[in-house]
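I opened this notebook to keep a record of what I looked up in the structure, entry by entry. I begin with a pocket and go on to strands, turns and aromatic rings.

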Amino acid sequence: MPQSFPVFTGNCPKNVSKDAKYSIRSLAGESVVTLTYITDDGERWLATTQNHPELVEIVNAVKTAMGDAPRGQFYINEYGQVIVPVAQGTYYLAEENYDVPLEFEFEGKVLSGGGVDFDGRALAPGDLWTGPHPGIPYVLKAGGGDIFYRSHPRPFVTKDVKLSSAVGADAARALANRIQQVKGWRGGRFYVNEWWEVFAPVDGGLGLEYRYIGHLDESDRDTWFPKP
């Protein structure tokens, strides 16, 4: 009997770039977790890891149960939930709490979503984000008063889910102001990854560049969106 998986009703990433998601691919006859990493000078690295066979099985189980071919893209949100989209556009919850950190080695570099640079030094808010880009997108409202994400509760319907509705206007504004310090008063998209690290694309003068915003610690999580 095929496995059943619940539809994921939280923040489902849509219209994100290729380097903002993980994928399962077949390389040399083996299914591995892969990451596309774009360097400052425009190189695209295909980084892989064979250290997550359980994660490969989790993603493939959803794909095949829903009639898709195995492998393909997936996401891990800040709560460790593994989210798998299938061909018809529905997102499924594949795993409630995947807590094995994804790290990729490529040409002597360790790529991970932790808040450190390639030399292991801790990043400070405003520093260049050299980590990979997979993460869950949120939007800072212009002026820094609130944060929201856009959900799709049913066909042809969208809904802006506001942080202020979940934790109150004052708490939402305080956290949004921290993000605004790096993102800017115009607001826009930023990302939170499974390490609870926050980063965002900003206008660097010569085009978009990614900057580190900070880490959401245990106290911050009390004023964040609840776990779906």
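**Entry 1, pocket lining.** I sorted the residues that line the largest pocket of this predicted model by character, and they divide into five nonpolar, seven polar and two charged. The lining has 14 residues, and I noted that Val7, Phe8, Cys12, His152 and Pro153 are the ones that lie nearest the centre of the pocket. For the volume of this largest pocket I wrote down about 250 Å³. I then asked which element gives the most to the lining, and found that it is S10, with four residues.

**Entry 2, confidence.** Since S10 had come up, I checked how far the predictor trusts it, and strand S10, residues 147–154, turned out to have the lowest mean pLDDT among the elements of the protein, at 91, whereas S9 has the highest, at 98. For the protein as a whole I noted an average pLDDT of 93, with 99% of the residues scoring at least 70.

**Entry 3, the S10 and S11 hairpin.** I followed S10 to its partner and found that S10 and S11 run antiparallel and are joined by five bridges. Arg154 stands opposite Val157, the latter in S11. Two residues lie between the strands of this hairpin, and I looked closely at Phe156, which is placed in the loop between S10 and strand S11 (157–162). The phi of Phe156 is near 70°, a positive value in a residue other than glycine. Is Phe156 buried or exposed? With a relative accessible area of 89%, against a cut-off of over 50%, Phe156 is exposed.

**Entry 4, Ala28.** I recorded a second positive phi in a residue other than glycine at Ala28, where the angle is near 55°. Ala28 sits in the loop between strand S1 (22–27) and strand S2 (30–38), and its relative accessibility of 90% is why I list Ala28 as exposed.

**Entry 5, S1, S4 and S5.** From S1 I went on to strand S4, residues 72–76, which runs antiparallel to S1 and is joined to it by three bridges; within this pairing, Ile24 stands opposite Gly72 in S4. S4 also runs antiparallel to strand S5, residues 82–85, with two bridges joining them, and here I noted Tyr75 opposite Ile83 in S5. The hairpin of S4 and S5 has five residues between the strands, and in it Gly80 takes a positive phi near 80°.

**Entry 6, aromatic rings.** I searched the whole structure for aromatic pairs and obtained 16. I took the pair of Tyr138 and Phe225 for a closer look: the ring centres are 5.3 Å apart and the planes stand at 20°, which falls under the 30 degrees cut-off, so I entered the pair as stacked. Where do the two residues of this pair lie? Tyr138 is in strand S9 (residues 136–140) and Phe225 is in the segment after helix H4 (218–221), so the pair ties together parts that are 87 residues apart in sequence. I also checked the accessibility of this pair, and both Tyr138 and Phe225 are buried. S9, the strand that holds Tyr138, is the element with the highest mean pLDDT that I noted in the second entry. As a last item I wrote down one aromatic cluster, formed by Trp129, Tyr191, Phe199, Tyr210 and Tyr212.

Terms used: Residues are numbered from 1 along each chain as its sequence is written. This is a predicted model: local features need pLDDT of at least 70, side-chain atom pairs count only at pLDDT 80 or more; totals for chains, interfaces and linings use all residues. Side-chain values use heavy atoms; hydrogens and water are left out. Rings of Phe, Tyr and Trp (its six-membered ring) pair if their centres lie within 6.5 Å; planes under 30 degrees apart count as stacked, over 60 as edge-to-face and the rest as tilted. Buried means under 20% relative accessible area, exposed over 50%, partly exposed in between (1.4 Å probe, protein chains only). pLDDT is the predictor's confidence in each residue, from 0 to 100. Two strands pair if DSSP finds at least two bridges between them. On a 1 Å grid over the protein atoms alone, a cavity is a set of points where a 1.4 Å probe fits but cannot get out, and a pocket is an open set with protein on both sides within 12 Å along at least five of seven lines; lining residues have an atom within 4 Å of a point. Grid points are joined across faces, edges and corners, and a volume is the space filled by probe spheres set on the points. Ala, Val, Leu, Ile, Met, Phe, Trp, Tyr, Cys and Pro count as nonpolar, Asp, Glu, Lys and Arg as charged, and the others, Gly among them, as polar.
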